[in-house]
Amino acid sequence: MTATRGLEGVVAAETKISSIIDDTLTYVGYDIDDLADNASFEEVVYLLWHTRLPKADELAELKQQLADNMEVPQAVLDHFKTYDIKSVHPMAALRTAVSLLALYDEDAEDMSDEANYRKAIKLQARISTVVTAFARVRAGLEPVAPKKELSYAANFLYMLSGKEPEPIAIEAFNKALVLHADHELNASTFTARVCVATLSDVYSGVTAAIGALKGPLHGGANEQVMKMLSEIGSVDNVEAYINEKLANKVKIMGFGHRVYRKGDPRAPHLKVMSEKLTKLTGQPEYYDMSVKIHEMVTGQKNLPPNVDFYSASVYHSLGIEHDLFTPIFAVSRVSGWVAHIFEQYANNRLIRPRAEYVGPGMQKYVPVNER
Ligand SMILES: CC(=O)SCCNC(=O)CCNC(=O)[C@H](O)C(C)(C)COP(=O)(O)OP(=O)(O)OC[C@H]1O[C@@H](n2cnc3c(N)ncnc32)[C@H](O)[C@@H]1OP(=O)(O)O
Ligand SMILES: O=C([O-])CC(=O)C(=O)O
């Protein structure tokens with residue numbers, strides 16, 4: 001038995017939800033470019049959960065179900081006041097809040113398909129409320145109740161700022177949600193599948209997935225990209241900064257990918273949005289710095305940007321605090337996690353690989369006072 005480091009190249013599941021073939025990403029056979037340019041996030045949620053696009057009445061029903069379920073139990077909002085909220089990372093708070101949501105859901109332990117679908121709706125609806133309420137409580141503000149008539153993307157921005165967002169912000173945020181919704185067997189989705197393959201519940205799978213997404217080699221990279229842009233500060237400083245990092249073999253966040261070789265097809269969409277929004281909000285330096293970093297890292301290391309690179313300057317332009325970038329990833333990706341959890345349940349087998357043992361050979365137990 002020999003181990004494959006990081007399970008690279010190992011095919012660990014069959015899926016009908018999304019595919020990455022020759023650097024092309026599809027959700028249920030729809031090219032991500034097509035969806036990014038045309039679909040609402042709610043349509044994508046339906047697509048991932050039902051493996052087909054919704055008809056008009058089905059879409060209206062899903063929107064209604066999401067709108068009706070956005071309110072979170074008061075106890076979940078109150079828990080934000082039980083710790084020093086300013087010293088807590090929002091991903092840690094989200095991980096706990098999602099787990100806490102289960103304790104107030106009478107469906108939590110019901111494993112029927114109907115109850116699982118209700119949990120999916122509740123999770124997708126409430127994750128936005130939880131992230132935005134956290135941000136507002138941290139800022140000393142009251143959470144803002146969602147407006148039922150707004151789209152999912154618009155509601156998130158509205159609940160965060162308390163102001164109805166501009167159409168361009170809604171368009172950009174909707175596109176970002178569409179682009180982040182699913183990605184084959186990425187680390188957090190695999191985590192969710194491993195968890196529920198023990199026949200554990202949906203909340204456990206999603207809570208585990210949030211933990212995996214949090215790390216900087218995965219979803220946590222978008223916050224780190226923004227940290228880098230803030231540290232660099234201006235286009236003139238890019239060259240020295242990047243050269244120094246590369247010379248010291250420090251990874252540049254937002255570059256590289258386990259699966260893509262030529263490039264991540266989501267990045268060009270985010271690049272276009274970054275250019276538009278940074279210029280519109282009078283902060284073109286964030287785009288200019290990003291482009292210069294992109295040229296250098298791709299030029300010197302042949303590493304293309306991934307989804308996390310240009311999303312950082314997009315979210316920054318939308319006025320979003322930097323440590324909320326990864327929670328926003330979770331707001332979108334919960335749709336994919338849930339889709340994979342359903343697919344796992346539908347054809348379940350315990351996921352239990354082997355490990356190659358590389359420790360000492362057979363040893364004889366020695367009593368503690370003789371060691
Ligand atoms: C949504 C997402 O999860 S997208 C990924 C988000 N993560 C990041 O942006 C973090 C930065 N990138 C990385 O760490 C990696 O590219 C990963 C984790 C995404 C994928 O990497 P892996 O397939 O495991 O490749 P691995 O980390 O083994 O790197 C292979 C080589 O490329 C180098 N490399 C990979 N990514 C980078 C990077 N961002 N900057 C500089 N060098 C890099 C490694 O140092 C290594 O070099 P070596 O062979 O000389 O030691
Ligand atoms: O697929 C991966 O390894 C990481 C990624 O890009 C994602 O989860 O969107």
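**Figure 1. Where β1 turns into β2.** Start with isoleucine 21, which sits across from threonine 24 in β2. This is a predicted model, so keep that in mind for every view that follows. β1 and β2 run antiparallel to each other and are joined by four bridges. Together they make a hairpin with two residues between the strands. One residue to look for here is aspartate 22, whose phi is positive, near 50°.

**Figure 2. The three-stranded sheet.** Pull back a little from the hairpin and a third strand joins the picture, giving an open sheet with the order β1-β2-β3 and antiparallel pairing. As a bit of background, strands in a sheet pair through backbone hydrogen bonds, and they can do so in a parallel or an antiparallel way. Which strands sit at the edges? They are β1 (18-21) and β3 (30-31), each of which has a pairing on one side only. On the β3 side, β2 and β3 are held in antiparallel register by two bridges. Look there for threonine 26, which faces aspartate 31 in β3.

**Figure 3. Two domains and the contact between them.** Now for the wider layout: the domain assignment splits the protein chain into domain 1 (14-215 + 333-346) and domain 2 (221-317). Their C-alpha centres are 26 Å apart. Where the two touch, domain 1 brings 12 residues and domain 2 brings 14 residues. On the domain 1 side, β2 (24-27), α1 (32-38) and α8 (167-180) each give at least two residues. Which element gives the largest share of that side? It is α8, with five residues. Sorted by class, the domain 1 side has seven nonpolar, two polar and three charged residues.

**Figure 4. Helix α9 passing helix α16.** Here helix α9 (residues 187-196) meets helix α16 (residues 325-346), with axes that come within 9 Å and cross at roughly 35°. The crossing of α9 and α16 is right-handed. From α9, the contact uses Ser188, Thr189, Ala192, Arg193 and Val196. From α16, the partners are Arg333, Gly336, Trp337, His340, Ile341, Gln344 and Tyr345. Taken together, the residues of this contact are five nonpolar, five polar and two charged.

**Figure 5. The surroundings of ligand 1.** Ligand 1 has 18 residues around it. Which of them come nearest? Those are Ala221, Lys251, Phe255, Gly256 and Arg258. By class, the shell of ligand 1 holds seven nonpolar, seven polar and four charged residues.

**Figure 6. The surroundings of ligand 2.** The last close-up shows ligand 2, with His183, Asn186, Arg258, Val259, Asn306 and Val307 around it. The make-up of this shell is two nonpolar, three polar and one charged. You may recognise Arg258 from the previous view, where it is among the residues that come nearest to ligand 1.

Conventions: Residues are numbered from 1 along each chain as its sequence is written. Chains are lettered from A and ligands numbered from 1 in the order in which they are written. This is a predicted model: local features need pLDDT of at least 70, side-chain atom pairs count only at pLDDT 80 or more; totals for chains, interfaces and linings use all residues. A residue is near a molecule or strand if its C-beta atom, placed from the backbone, lies within 6 Å of it. Ala, Val, Leu, Ile, Met, Phe, Trp, Tyr, Cys and Pro count as nonpolar, Asp, Glu, Lys and Arg as charged, and the others, Gly among them, as polar. Domain bounds come from an automatic or database domain assignment. Two residues are in contact if their C-beta atoms, placed from the backbone, lie within 7 Å. Axes are lines fitted to C-alpha atoms, for helices over the stretch in contact, and angles run from 0 to 180 degrees between N-to-C directions. A crossing is left-handed if the near helix is turned anticlockwise from the far one by less than a right angle, and right-handed if clockwise. Two strands pair if DSSP finds at least two bridges between them.
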